[in-house]
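Notebook open, model loaded. I want to note what I looked up, in the order I looked.

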Amino acid sequence: MDAPTLLQCYLDEVSVAVMQGDWVGYEAHVCLPFHLVTQTANLTVSTQAELRQGFDAFRETLHLQHITDYIRLVESATQLDPDLITGQYMTHLLAGGQRVINPFRSSITLRLIGNQWRAASITNALANSRWPISMPKLAVLPDARTEIQHPREDQK
């Protein structure tokens, strides 16, 4: 499997785990220490308890914002060696077809540990400066709650 396909499968599995509240599935996809670099901070998650706190806080945010779709789409990925992949993707958070925030770009590094790809770090365009991230914040993208436009049959 090529690097973009591997990364997309990884992102899809983690998104499903988050949306279903599957802590075990989520935890199996992250290696500790985990590093999160945002626009305003460099954060390190060192323990399973910290990772769980972040997972629970993000799940609560998704629930409070009525998120129905957590979609992450690969833009590019490269396998640096047999045990290391790096790539970029766009995140879309939707509530019933409405954007909750504008899409944002992230870079991720995956490490193969045993037979499981795990996130070692994520860098993204968020302005959050603490863990857990309770609601992703974009610094300069106003009016994010816009409806997604789907082409009508007569416009194709």
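Before the loops, a word on naming: helices and strands here are DSSP runs, numbered from the N terminus, with at least four residues for a helix and at least two for a strand. With that settled, I found Gly114 in the loop between S6 and S7. Gly114 counts as exposed, because its relative accessibility is 71% and the cut-off for exposed is over 50%. I also checked its distance to Asp83: the two C-alpha atoms are separated by 9.5 Å, with their positions 31 residues apart along the chain.

Entry: how far to trust it.
This is a predicted model. I looked up the confidence and got an average pLDDT of 85 for the protein chain, with 81% of the residues at 70 or better. Then I asked where pLDDT stays under 50. That is residues 138-156, and the model has 28 contacts beyond four places in sequence for them. Where pLDDT is low, the coordinates should not be read in detail. I left that stretch alone.

Entry: the overall layout.
I counted three helices and seven strands in the protein chain. Along the sequence they run α-α-β-β-α-β-β-β-β-β. Of the 156 residues, 42% count as buried. I also looked at sequence separation: among contacts between residues at least 6 apart, 60% join residues at least 24 apart.

Entry: helix H1.
H1 covers residues 3-20, which is 18 residues. From first C-alpha to last it reaches 26 Å, close to the 26 Å expected at 1.5 Å a residue. Which residues of H1 are buried? I got Ala3, Leu6, Leu7, Gln8, Tyr10, Leu11, Val14, Ser15, Ala17 and Val18. An α-helix has 3.6 residues a turn, so residues three or four places apart point the same way. I kept that in mind while going down the list. Next I looked for what covers these buried residues, and the cover includes helix H2 (23-27), helix H3 (48-64) and the strands S3 (69-81), S4 (84-95), S6 (104-113) and S7. Just after H1, Gly21 takes a positive phi of about 70°.

Entry: H1 against H3.
The two axes come within 9 Å and cross at roughly 75°. That makes H1 roughly perpendicular to H3, because angles of 65 to 115 degrees count that way. On the H1 side I noted Ala17, Val18, Met19 and Gln20, which meet Phe55, Phe58, Arg59 and Leu62 of H3. How many of the residues in this contact are nonpolar? Six are nonpolar, one is polar and one is charged. Ala17 and Val18 turn up again here, having already been listed among the buried residues of H1.

Entry: backbone oddities.
I found a cis peptide bond from Leu32 to Pro33, with omega near -5°. Pro33 sits in strand S1, residues 30-37. Another one to flag is His66, which has a positive phi of about 60° although it is not a glycine. I placed His66 in the loop between H3 and S3. Is His66 buried or exposed? It counts as exposed, since its relative accessibility is 61%.

Entry: Asn124 and its surroundings.
Asn124 belongs to strand S7, residues 116-124. With a relative accessible area of 11%, Asn124 is buried, because the cut-off is under 20%. I then asked which residues Asn124 is in contact with, leaving aside neighbours within four places in sequence. I got Leu36, Val37, Thr38, Gln39, Phe104, Arg105 and Ser106.

Gln39 from that list got a look of its own. I placed Gln39 in the loop between S1 and strand S2 (42-45), and it is partly exposed, with a relative accessible area of 48%. Gln39 and Leu126 are 87 residues apart in sequence, yet 5.6 Å apart in space, C-alpha to C-alpha.

Entry: one more loop glycine.
Where is Gly96? I found Gly96 in the loop between S4 and strand S5 (98-99). Gly96 is exposed, at 63% relative accessible area. I paired Gly96 with Thr68: they are 28 residues apart in sequence, and their C-alpha atoms are 5.9 Å apart in space.

Conventions:
Residues are numbered from 1 along each chain as its sequence is written. This is a predicted model: local features need pLDDT of at least 70, side-chain atom pairs count only at pLDDT 80 or more; totals for chains, interfaces and linings use all residues. Side-chain values use heavy atoms; hydrogens and water are left out. pLDDT is the predictor's confidence in each residue, from 0 to 100. Contact means heavy atoms within 4.5 Å. Buried means under 20% relative accessible area, exposed over 50%, partly exposed in between (1.4 Å probe, protein chains only). The expected span of a helix is 1.5 Å times one less than its number of residues. Axes are lines fitted to C-alpha atoms, for helices over the stretch in contact, and angles run from 0 to 180 degrees between N-to-C directions. Angles under 35 degrees count as roughly parallel, over 145 as roughly antiparallel, 65 to 115 as roughly perpendicular and the rest as oblique. Ala, Val, Leu, Ile, Met, Phe, Trp, Tyr, Cys and Pro count as nonpolar, Asp, Glu, Lys and Arg as charged, and the others, Gly among them, as polar.
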